[in-house]
Amino acid sequence: MYVLNANHISKSYKTAGETMRILQNVNLQVMKGEMVAIMGPSGSGKTTLLHVLTGVDTPDDGEIVIGGETFSQLTEEEKAFFRRKHMGMIFQDFQLLESLTVKENILLPLILERKEADIQQERFSRIADVLGIEKLADKGITEISGGQKQRVAIARALAMEPELLLLDEPTSALDPISTSKIEDLAMELKKDYTIVMVTHNMQQAARISDKTAFFLLGEVVEYGETEQIFSMPKDKRTEDYITGRFG
């Protein structure tokens, strides 16, 4: 069963009177329980794809189906509701609110959905225990480390028990030790969640993803099992990128 099915997605922007094609006829299918890495050089369209998948941007062409719902055809209000209910988004800059405590940040999606207090507490306790951040509940965001902030961002994304987790360069702002811990956590999470992760870190993609899509100039050059992509890439451009001969 596909949790995510993106078909023939194209996206352009107009700048200084010129039209720049960022995504070109992108197809991406993600099965339930898979972790898929979107890999490629800077400027290849990876983050734009994530924005389109989450409804932050609207594709010029194509269709996005998530959990059987044609997400790309929903109104903006319907998309916002769908995101809160079915998607967990984790950004590279965390996007935590410094005016709220750790616990309040995690519970914010549940508060917006007006979930009962006992449900909020049960979700917080369970998620905080899994992520090892229960002792941070009353701390302010400025009082915790980068690795802890990433765990809080992940906890907030999990609060609504989403069908799909979308990660945008989840460890780009972290030190090597914190990066390793977050990668270990991601490997645990993929036992229960379907995950799409944008990354430029080849070692990260190779270590924790089930499938990898190699992006170049807005196109999916190659998509398949991660082990195959890294051991025997079918496209020379993929091989050149992996071996450091790209560009």
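**Salt bridges in the predicted model**

R237 and D235 form a salt bridge in which the closest N and O atoms are 3.0 Å apart; the term denotes a side-chain nitrogen of Lys or Arg within 4 Å of a carboxyl oxygen of Asp or Glu. R237 has a relative accessibility of 40% and counts as partly exposed, a class lying between buried (under 20% relative accessible area) and exposed (over 50%), as determined with a 1.4 Å probe on protein chains only. The structure is a predicted model, in which local features need pLDDT of at least 70 and side-chain atom pairs count only at pLDDT 80 or more, whereas totals for chains, interfaces and linings use all residues. Residues are numbered from 1 along each chain as its sequence is written, and side-chain values use heavy atoms, with hydrogens and water left out.

A search of the whole structure yields five salt bridges. One of them joins the side chains of E34 and K211, with an N to O distance of 3.1 Å. Because E34 lies in the loop between strand 2 (18–31) and strand 3 (35–39) and K211 lies in strand 9 (residues 211–216), this pair ties together parts that are 177 residues apart in sequence. Strands (E, at least two residues) and helices (H or I, at least four) are DSSP runs, numbered from the N terminus. E34 and K211 are both buried.

A further salt bridge links the side chains of K79 and E76 at 3.8 Å, N to O. Both residues belong to helix 2 (residues 76–86), where they are three residues apart, about one turn of the helix. K79 is buried, with a relative accessible area of 3%, whereas E76, at 48% relative accessibility, is partly exposed.
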